[in-house]
Amino acid sequence: MKVIVDQVLCQVHAQCVFAAPEVFELDDDDRLVYVAEPDDGLMDSVEEAARACPVQAIFLEEA
C-alpha cells in the first residue's frame, strides 16, 4: 500500500497521528511527515487514519 497526503488539503489536525503513530507524525515545525510505503501489517491503522482525517487529505493506493 502507498500512502499519499495532499499537503494542500492537510490542516494538521493530527487525527492520523493518533490513529497510526507508526506511520504519521508531526515534525519539530508541526508539519506532517509520514511513511509513504508502510508495512502491510499496519494497513488497518492506516485505513483508520485516512477515515479519521477531517479534510480527507489522506489517499491510499495499491503498491
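**Exercise 1. State how many helices and strands the protein chain has, and give their order.**

Step 1. The protein chain contains two helices and four strands. The model is a predicted one.

Step 2. Going along the sequence, the pattern is β-α-β-β-α-β.

**Exercise 2. Decide whether the radius of gyration of the protein chain agrees with that of a compact globule.**

Step 1. The chain has 63 residues, and for that number a compact globule would have a radius of gyration near 11 Å.

Step 2. The value for the protein chain is 10 Å, so the two agree.

Step 3. The extent along the principal axes can be added: the C-alpha trace spans about 30 × 20 × 15 Å.

Step 4. Now take the surface. The accessible surface of the protein chain is about 4100 Å², and carbon and sulfur atoms account for 48% of it. Of the 63 residues, 30% are buried.

Step 5. Finally, consider the contacts between residues at least 6 apart in sequence. Of these, 61% join residues at least 24 apart.

**Exercise 3. Describe strand 1: which side chains point to which face, and which strand pairs with it?**

Step 1. The side chains along strand 1 alternate. Val3 and Val5 point to one face and are buried. Lys2 and Ile4 point to the other face and are not buried.

Step 2. The partner is strand 4, residues 58–61. The two strands pair in the antiparallel sense, over four bridges.

Step 3. One position can be located across this pairing: Val5 stands opposite Ile58 of strand 4.

**Exercise 4. Find the residues with the most contacts inside the largest nonpolar core, and the elements that supply it.**

Step 1. The largest nonpolar core has 17 residues. Those with the most contacts inside it are Val3, Val5, Cys16, Val17, Phe24, Leu32 and Ile58.

Step 2. Two or more core residues come from each of strand 1 (2–5), helix 1 (15–19) and helix 2 (43–52).

Step 3. Helix 2 gives the largest share, three residues.

Step 4. Take Val17 as an example of the contacts. Leaving out residues up to four places away in sequence, Val17 touches Phe24, Glu25, Leu26 and Leu32. Phe24 and Leu32 also stand in the list of core residues with the most contacts.

**Exercise 5. Determine how many disulfides the structure has, and explain the result for Cys10 and Cys53.**

Step 1. A search of the whole structure finds zero disulfides.

Step 2. For Cys10, the nearest cysteine sulfur is that of Cys53, 6.4 Å away. For Cys53, the nearest is in turn that of Cys10.

Step 3. A disulfide needs two cysteine sulfur atoms within 2.5 Å, so a pair at 6.4 Å does not count as one.

Step 4. The accessibility of each cysteine is the last item. Cys10 has 19% relative accessibility and therefore counts as buried. Cys53 has 10%, so Cys53 also counts as buried.

**Exercise 6. Ala14 and Gln56 have positive phi values; locate each residue and classify it as buried or partly exposed.**

Step 1. Recall the general rule. Most residues other than glycine have a negative phi.

Step 2. Ala14 is not a glycine, yet has a positive phi of about 70°. Gln56, also a residue other than glycine, has a positive phi near 55°.

Step 3. Ala14 lies in the loop between strand 1 and helix 1. Gln56 lies in the loop between helix 2 and strand 4.

Step 4. The relative accessibility of Ala14 is 13%, so Ala14 counts as buried. Gln56 has a relative accessible area of 43% and is therefore partly exposed.

Step 5. Ala14 also allows a check of sequence against space. Ala14 and Phe24 are ten residues apart in sequence, and their C-alpha atoms are 8.4 Å apart.

**Exercise 7. Classify Ser45 and Glu47 of helix 2 by accessibility, and relate each to Ala19.**

Step 1. Ser45 lies in helix 2, and Glu47 is found in helix 2 as well.

Step 2. The cut-off for buried is under 20% relative accessible area. Ser45 has 19% relative accessibility, so Ser45 counts as buried. Glu47 has 28% and therefore counts as partly exposed.

Step 3. Not counting residues up to four places away in sequence, Ser45 touches Ala19, Ala20 and Glu22.

Step 4. Glu47 and Ala19 are 28 residues apart along the chain, and 8.9 Å separates their C-alpha atoms.

Methods:
Residues numbered from 1 in each chain as written. Predicted model: local features only at pLDDT ≥ 70, side-chain atom pairs only at ≥ 80, totals over all residues. Heavy atoms only, no water. Core = buried A, V, L, I, M, F, W, Y, C linked by side-chain atoms within 4.5 Å. Buried < 20%, exposed > 50% of the residue type's maximum accessible area, 1.4 Å probe, protein only. Contact = heavy atoms within 4.5 Å. Rg over C-alpha atoms; globule rule 2.2 N^0.38 Å. Areas by Shrake-Rupley, 256 points an atom, 1.4 Å probe, with all protein chains shown as cover. Pairing = 2+ DSSP bridges.
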